[in-house]
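This report goes through one helix and one ligand site. The sequence and structure come first.

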Amino acid sequence: LQTPFLSLPLQAKMSRPVQARRLEGIDKNIWVEFVKLAATYSKVNLGQGFPDFPAPEFLQEALKRALGGGNHMLHQYTRAFGHPPLVTALAQLFEKVLGRELDPMTNVMVTVGAYQALFCCFQAFVDEGDEVIIIEPFFDCYEPMVKMAGGTPVFVPLRPKAPKDGKLMSSADWQLDPAELASKFSERTKAIVLNSPNNPLGKVFSRGELELIAELCVEHDVLCVSDEVYEWLVYDRRELTRIASLPGMWDRTVIIGSAGKTFSATGWKVGWTVGPDRLLRHVRTVHQNSVYHCATIAQEAVAQGFQRELTLFGKPESYFVQLPRALQQKRDLLIQSLVDVGMKPIVPEGTYFLVADISEFKSDVPEVPNSDEPYDYRFTKWMMKNKGLAAIPLSAFYSEAHKNNYTNFIRFCFAKEESTLKAANDILQKWKKEKTSS
Ligand code: PMP
């Protein structure tokens, strides 16, 4: 006997829309295309942001101990909002940097990378119709995450001012226009996303700039999602000012961090949020009902990494001192190689990225007929295919409305082995020779 169900054709056509409305317009992603192109064409990849050197020995040892050290419970679930040793170590560290007492159980929550911390914040705070201010250029996931939460991103660009003395530009020369920033705040503004040190520019916001943002947040009763994943990567003896430490800001700020950046282990995907319970309780609700928790064993190893750092805090042996020192040298090496070939790097004050001006190369890069692809995209693809060097176009870090104003720059990542940076330098020196001989 045939049931009515079995008599249906095998491929009954679905006519209803499959995609949820919240995904409209956010299904394109630069990384998919550029990661593939880099893998196909480049000999040296300074595009995607991750170190190609090993995570520190002490962290690797901690993971080995966690894995086989006899505590088999480290293979099981742990506390949903963060493995107790990790939230305890994070609370101790942030007590030092913020100068306030913290409760590890209510002021800290562990996430699956900073990525999930961001996602939880937007889901927890943003309603349909809320506006969220995003400073451009920005880490590209902020925009789709705000949209998925039903919010409207409102963009405000850092505006470059070329130094008069003919010196290389610094990321500090990219600044907010105070009046323009103020004009973006309204009664619809729910939050602002701050990313200092900033990916992709490497800008470390000055105390004055943060005070301006803080005053506007307090005046308009706005929350601050402060993405501080590059908190230890600050150069030239600069100090990072934490917006949460400014008057009126603790109560309205969630700090986001990442063990991936802190301990050069991006694949572990351990991140965290730090903030007042009145905010974190809602972030916990999203986390509890989506991801639940991050791998116990990775949290245990990161906790041990932090315990080591707490005992060495401020000392020369601290990884938080050694890593930026090593990266600053790598930064300076890459800057010199880029200057040699005729690019104009913008010296980053922090992060492991640097942005370079490529406007000198317009005549080298062929136009693509019938294409409105921006110059920085065309240049990056041309460089990958013809020189074997991968980078990322800067306009990918801008909103659709503003990206055409910033097409003369590309981003490099310099968290790379000396041999990788040397290979990049070889490419750039060969390129320089070809230029001078043509
Ligand atoms: N924020 C910024 C500014 C980043 O650059 C990144 C990673 N590139 C993240 C968040 C995500 O960090 P995680 O790998 O810990 O998820």
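Which residue just after H11 takes a positive phi? Gly342 does, with a phi of about 110 degrees. The model is predicted.

## Helix H11

Helix H11 runs over residues 319-341. Because each residue should add 1.5 Å, the 23 residues of H11 should span 33 Å, and the end C-alpha atoms are indeed 33 Å apart. At the N-terminal end, Ser318 acts as the cap of H11, with a side-chain oxygen 3.0 Å from the backbone nitrogen of Phe320.

Phe320 is also one of the buried residues of H11. The buried set includes Tyr319, Leu323, Pro324, Leu327, Lys330 and Arg331. Further along, Leu334, Ile335, Ser337, Leu338 and Val341 are buried as well. In an α-helix there are 3.6 residues a turn, so residues three or four places apart point the same way.

## Residues around the ligand

The shell around the ligand has 13 residues, and Asp227, Tyr230, Ser258, Lys261 and Lys269 come nearest. By type, the shell divides into six nonpolar, four polar and three charged residues. Helix H4, residues 113-125, gives the largest share of the shell, three residues.

## Polar contacts and cover

A polar side-chain atom of Asp227 is 2.5 Å from a nitrogen atom of the ligand. Lys269 places a polar side-chain atom 2.7 Å from a ligand oxygen atom. At Ala114 a polar backbone atom lies 2.8 Å from an oxygen atom of the ligand. On its own the ligand has 400 Å² of accessible area, and the protein covers 92% of that.

Technical notes
Residues are numbered from 1 along each chain as its sequence is written. This is a predicted model: local features need pLDDT of at least 70, side-chain atom pairs count only at pLDDT 80 or more; totals for chains, interfaces and linings use all residues. Side-chain values use heavy atoms; hydrogens and water are left out. Helices (H or I, at least four residues) and strands (E, at least two) are DSSP runs, numbered from the N terminus. The expected span of a helix is 1.5 Å times one less than its number of residues. Buried means under 20% relative accessible area, exposed over 50%, partly exposed in between (1.4 Å probe, protein chains only). A polar contact is a pair of N or O atoms within 3.5 Å; within protein, one must be able to donate a hydrogen and the other to accept it, and residues adjacent in sequence count only if both atoms are side-chain atoms. A residue is near a molecule or strand if one of its heavy atoms lies within 4 Å of it. Accessible areas come from the Shrake-Rupley method with a 1.4 Å probe; for residues, only the protein chains shown count as cover. Ala, Val, Leu, Ile, Met, Phe, Trp, Tyr, Cys and Pro count as nonpolar, Asp, Glu, Lys and Arg as charged, and the others, Gly among them, as polar.
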